[in-house]
Amino acid sequence: MFNLQELVRKNIWSLAPYSSARNEYAGREARVFLDANENPYGEPLNRYPDPLQLELKKRLAAIKGIPEDCIFLGNGSDEAIDLPYRIFCQPGIDNVVAIEPTYGMYRVCADINDVEYRPVLLDEHFQTTADDLLNACDEHTKIIWLCSPNNPTGNSLHKEEILKVIQQFQGIVILDEAYSDFASQQPMRREILKHPNLIVLNTMSKAWASAAIRLGMAFASKEIISIFNKVKYPYNVNLLTQQQALKVLEDPFEVDKCVKLLLQERTRMIEAFRLLPICEHVFPTDANFFLARMTDAQQIYNYLVDCGIIVRNRNHIKLCNNCLRITIGKKSENNELLSALRQYK
């Protein structure tokens, strides 16, 4: 049986969180604010922001189909990646398991928190099985990291294997769905109420075209979210970010139009890459990027840099030998890339 209290570090479970001034009068009307040592001048940025981003969560709950108390908002997804290490993993004792290759911040945060990181290599189709992941676990494994669609490979993991991991692992399963808006597979976030050990990550940086505001999301049971809120810094999401996110969320249909344009461009770019003599293979993708195996990724990457065009060189990543990761840009940007590659000698 899943037992959240047994998974959480004892000092975190008993932690008395910092009580911000804004929390103490929540739900009541206030006109005069003399509690937080703020400067009364310099409106509108002189006051601390809502520490729990309640208005923003209400808007997101309607769009994402998630209860408000099951949403955590952080300073980028990086905060939502770092917090589980601090909540669940005892430094120098516990470990986490993750697919390989995948997003590099899972390992970076493990190293920062002195937690052993156990990578499980994907197969030649960039897939894994629940058995492979579970066999890498022991009694000190607190978290299994999954990313679907995966970065840098672009493919979605098989949902049946994800569900097996969630159902059979007694620790925390974190599924990063940063690129799910570009995939045909239904996101798993709406299944968090069925699975008390599941945390699903999402972001405003990709489909919502708001990377600059640094807003990440975690969806989980209200019990897990309450621990996130206890451990996070009091005012982790600034007012400007909250305001801009609310503005962007006013028109989700505009985002749908943008996603459709990017998917059309993705199809066009993949077809064009397959015709390039210097491209050996384009891997299937469900994201706003694709991975391409080139004849000489390092030389082609250097050439593109000289042309003022920046792609991601994944040549040094396991299973990605001679691969470049190409983000889908505007049509004019994509054409400039293709033109440069057609002239490469």
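In this predicted model, D176 is buried and yet has no salt bridge, the nearest side chain of opposite charge being that of K206, at a distance of 8.8 Å. That separation lies outside the requirement for a salt bridge, namely that a side-chain nitrogen of Lys or Arg be within 4 Å of a carboxyl oxygen of Asp or Glu. The residue D176 belongs to strand 5, which comprises residues 172-176. Although a salt bridge is absent, the side chain of D176 makes a polar contact with the side chain of Y106, at 2.7 Å, and a polar atom of the D176 side chain lies 3.1 Å from the backbone nitrogen of A178.

Another acidic residue, D123, is found in the loop that runs between strand 3 (116-121) and helix 7 (130-135). With a relative accessibility of 32%, D123 counts as partly exposed, whereas D176 is buried. On the surface, D123 gathers with E124, D131 and D132 in a patch of negative charge. Membership of such a patch requires over 30% relative accessible area and no salt bridge, and the 32% computed for D123 satisfies the first of these conditions.

A further buried position is that of V282, which is placed in strand 8 (residues 279-282). The relative accessible area of V282 is 4%, and V282 is therefore counted as buried, since that term applies under 20% relative accessible area. The C-alpha atom of V282 is separated by 4.4 Å from the C-alpha atom of A292, although these two residues are 10 residues apart along the chain.

Technical notes
Residues are numbered from 1 along each chain as its sequence is written. This is a predicted model: local features need pLDDT of at least 70, side-chain atom pairs count only at pLDDT 80 or more; totals for chains, interfaces and linings use all residues. Side-chain values use heavy atoms; hydrogens and water are left out. Patches are made of residues with over 30% relative accessible area and no salt bridge: like charges are joined within 9 Å, nonpolar side chains (Val, Leu, Ile, Met, Phe, Trp, Tyr) within 5 Å. Accessible areas come from the Shrake-Rupley method with a 1.4 Å probe; for residues, only the protein chains shown count as cover. Lys and Arg count as positive and Asp and Glu as negative; His and the chain ends are not counted. The place of a charge is taken as NZ of Lys, CZ of Arg, CG of Asp or CD of Glu. Helices (H or I, at least four residues) and strands (E, at least two) are DSSP runs, numbered from the N terminus. Buried means under 20% relative accessible area, exposed over 50%, partly exposed in between (1.4 Å probe, protein chains only). A polar contact is a pair of N or O atoms within 3.5 Å; within protein, one must be able to donate a hydrogen and the other to accept it, and residues adjacent in sequence count only if both atoms are side-chain atoms.
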